[in-house]
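Work through the exercises below with the sequence and the structure at hand. Each task is followed by a solution in steps.

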Amino acid sequence: MKRLLLCSLLLMLVFSCKNTRSEHITVVTAEEMQAILDLEEVQLIDVRTPEEFKEGHIKDAQNINFYSDTFDEDILKLDKSKPVILYCKSGRRSAACSEKLVQAGFVKVYDLKGGITQWKHEELELDN
């Protein structure tokens, strides 16, 4: 009985966290992201390394290196009241970053599904 209660509690916690995450973080496709960039005033953040960023990035993106020692301080310089779109190479770093932004109090966070790899696959524009 005690074990069943503990499992039920754990399941409720997992599902309630998932709902909270989806409420603040929206995973978007490349096409959806392009539409958001065209319609909303957003902060576009590339969380790849500076070397990766120099190889090509989405127009108007700001580079904040996820692996930097100052990453946590750097993201706090962003405007928490404005939507943020995050991307990396494949989506792993941006997913971790999106969680950090929500914990820091950001209102709306978008995460590009598949990262810049998917953006390139869709043949969307890049800056060098």
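In this predicted model, Gln-62 in β3 is the bridge partner of Ile-45. The exercises start from this pair of strands.

**Exercise 1. Follow β2 to its two neighbours, and state which way its side chains point.**

Step 1. Take the β3 side. β2 pairs with β3 in the parallel sense, over two bridges; Ile-45 and Gln-62 are bridge partners here.

Step 2. Take the β4 side. β2 and β4 run parallel and are joined by four bridges. Across this pairing, Asp-46 stands opposite Tyr-87 in β4.

Step 3. Sort the side chains of β2. Gln-43 and Ile-45 point one way, Leu-44 and Asp-46 point the other way, and all are buried.

**Exercise 2. Extend the pairing from β4 to the rest of the sheet, and find the edge strands.**

Step 1. Go from β4 to β5. Strand β4 (residues 84-87) pairs with β5 in the parallel sense over three bridges. Leu-86 stands opposite Asp-111 in β5.

Step 2. Go from β5 to β1. Strand β5 (residues 109-112) and β1 are parallel and pair over four bridges. Thr-26 is found opposite Tyr-110 in β5.

Step 3. Sort the side chains of β5. Val-109 and Asp-111 point one way, Tyr-110 and Leu-112 the other way, and all are buried.

Step 4. Write the order. The five strands form an open sheet, β1-β5-β4-β2-β3, with parallel pairing. The edge strands are β1 (25-28) and β3 (62-63), since each pairs on one side only.

Step 5. Recall what holds such pairs: strands of a sheet pair through backbone hydrogen bonds, either parallel or antiparallel.

**Exercise 3. Set the sheet in the context of the whole chain.**

Step 1. Count the elements. The chain has six helices and five strands.

Step 2. Read them along the sequence. The pattern is α-β-α-β-α-β-α-β-α-β-α.

Step 3. Add the burial. The chain has 128 residues, of which 37% count as buried.

Step 4. Check one contact in space against the sequence. Glu-23 lies in helix α1 (residues 2-24). Glu-23 and Val-107 are 84 residues apart in sequence, while their C-alpha atoms are 9.7 Å apart in space. Glu-23 counts as exposed because its relative accessibility is 59%, and the cut-off for exposed is over 50%.

**Exercise 4. How many salt bridges does a search of the whole structure find? Describe three of them and say whether the partners are buried or exposed.**

Step 1. State the total. The search finds five salt bridges. As background, side chains of opposite charge can pair when their charged atoms come close.

Step 2. Describe Lys-82 and Glu-41. Their side chains meet in a salt bridge with an N to O distance of 2.8 Å. The pair links distant parts of the chain, 41 residues apart: Lys-82 is in the loop between α4 (71-75) and β4, and Glu-41 is in the loop between α2 (30-39) and β2 (43-46). Lys-82 is partly exposed, with a relative accessible area of 30%, whereas Glu-41 is exposed at 58%.

Step 3. Describe Asp-46 and Arg-48. They form a salt bridge in which the closest N and O atoms are 2.7 Å apart. Asp-46 has a relative accessible area of 0% and is therefore buried. Arg-48 also counts as buried, at 4% relative accessibility; the cut-off for buried is under 20%.

Step 4. Describe Asp-74 and Lys-77. Their side chains meet in a salt bridge at 3.8 Å, N to O. Lys-77 is exposed, with a relative accessible area of 68%.

**Exercise 5. Which residues gather in a patch of negative charge on the surface? Place one of them in the chain.**

Step 1. List the members. The patch is made up of Glu-31, Glu-32, Glu-122 and Glu-123.

Step 2. Place Glu-123. This residue is found in the segment after α6 (115-121).

Step 3. Check its accessibility. Glu-123 has a relative accessible area of 72%, so it is exposed.

Methods. Residues are numbered from 1 along each chain as its sequence is written. This is a predicted model: local features need pLDDT of at least 70, side-chain atom pairs count only at pLDDT 80 or more; totals for chains, interfaces and linings use all residues. Side-chain values use heavy atoms; hydrogens and water are left out. Patches are made of residues with over 30% relative accessible area and no salt bridge: like charges are joined within 9 Å, nonpolar side chains (Val, Leu, Ile, Met, Phe, Trp, Tyr) within 5 Å. Accessible areas come from the Shrake-Rupley method with a 1.4 Å probe; for residues, only the protein chains shown count as cover. A salt bridge is a side-chain nitrogen of Lys or Arg within 4 Å of a carboxyl oxygen of Asp or Glu. Lys and Arg count as positive and Asp and Glu as negative; His and the chain ends are not counted. The place of a charge is taken as NZ of Lys, CZ of Arg, CG of Asp or CD of Glu. Buried means under 20% relative accessible area, exposed over 50%, partly exposed in between (1.4 Å probe, protein chains only). Two strands pair if DSSP finds at least two bridges between them.
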